[in-house]
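User: I'd like to learn how to read a helical model by eye. Could you take me through one?

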Amino acid sequence: LATCPDKTYRDASRAVALAEKALALVENPTPWLLDTLAVAHAGAGAYDKAIEYENQALAMATNPVQKEYYQEMLTVFDKRRPLSDERASLLQKRIFR
């Protein structure tokens, strides 16, 4: 919802609500879940929250490839510009080869 290529279906506030609900349902959040919440917040323009959750994901990550991805996402969020679908796709292709 936060990064859907079709803007008709993009709904950042719903993405945040669903990611927060998912987080509340698990006892031990995963870095992927925290990253999902971070991306949703970035999509909603809440970059400070996006950075907060992405830092948590980075701190929990044990895989060097994951860490690199989360660090790249922090760089994107720090610029406080909307997370484009293209940028997210490029990051995933480059890092998750």
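**Reading the helices**

Analyst: Let's start with one residue: leaving out residues up to four places away in sequence, Y70 touches P31, W32, D35, E54, A57, L58 and A61, where contact means heavy atoms within 4.5 Å. This is a predicted model, in which local features need pLDDT of at least 70 and side-chain atom pairs count only at pLDDT 80 or more, while totals for chains, interfaces and linings use all residues. Residues are numbered from 1 along each chain as its sequence is written, and side-chain values use heavy atoms, with hydrogens and water left out.

User: How many helices and strands does the chain have?

Analyst: Elements here are DSSP runs numbered from the N terminus: helices are H or I with at least four residues, strands are E with at least two. The chain has five helices and zero strands, so along the sequence you read α-α-α-α-α.

User: What span should helix α4 have?

Analyst: The expected span is 1.5 Å times one less than the number of residues. For α4, residues 64-78, the 15 residues should span 21 Å, and the end C-alpha atoms are indeed 21 Å apart. The 13 residues of α2 should span 18 Å, and that agrees too, with its end C-alpha atoms 18 Å apart.

User: Which residues of α4 are buried?

Analyst: First the cut-offs: buried is under 20% relative accessible area, exposed is over 50%, and partly exposed is in between, using a 1.4 Å probe and protein chains only. In α4 the buried ones are Q66, Y69, Y70, M73, L74, V76 and F77. Looking down the axis of α4, they fall within an arc of 160 degrees, so they line one face of the helix; the arc is taken from the directions from the helix axis to the C-beta atoms. An α-helix has 3.6 residues a turn, so residues three or four places apart point the same way. On the face of α4 turned away from its buried side you'll find the exposed P64 and D78.

User: Is Q66 buried or exposed?

Analyst: Buried, with a relative accessible area of 12%. Beyond its neighbours within four places in sequence, Q66 is in contact with P31, W32 and A61. For contrast, try N55 in helix α3: at 38% relative accessibility, N55 counts as partly exposed.

User: What sits at the start of α4, and what follows it?

Analyst: At the start, a side-chain oxygen of N63 comes to within 2.6 Å of the backbone nitrogen of V65. After α4 comes R80, with a positive phi near 55 degrees. Likewise α2 is followed by G45, whose phi is positive, near 85 degrees.

User: Which residues of α2 are buried?

Analyst: Ten of the 13 residues are buried, leaving α2 mostly covered. They are P31, L33, L34, D35, L37, A38, V39, A40, H41 and A42, and they pack against α1, α3 and α4.

User: Which residues have the most contacts inside the largest nonpolar core?

Analyst: In soluble globular proteins, nonpolar side chains tend to be buried together. A nonpolar core is a set of buried Ala, Val, Leu, Ile, Met, Phe, Trp, Tyr and Cys residues joined through side-chain atoms within 4.5 Å. The largest one has 24 residues, and those with the most contacts inside it are Y70, M73, F77 and L83. The elements giving two or more residues to this core are α1 (12-25), α2 (31-43), α3 (47-60) and α4.

Conventions: Polar contact = N/O pair within 3.5 Å; in protein donor to acceptor, adjacent residues only side chain to side chain.
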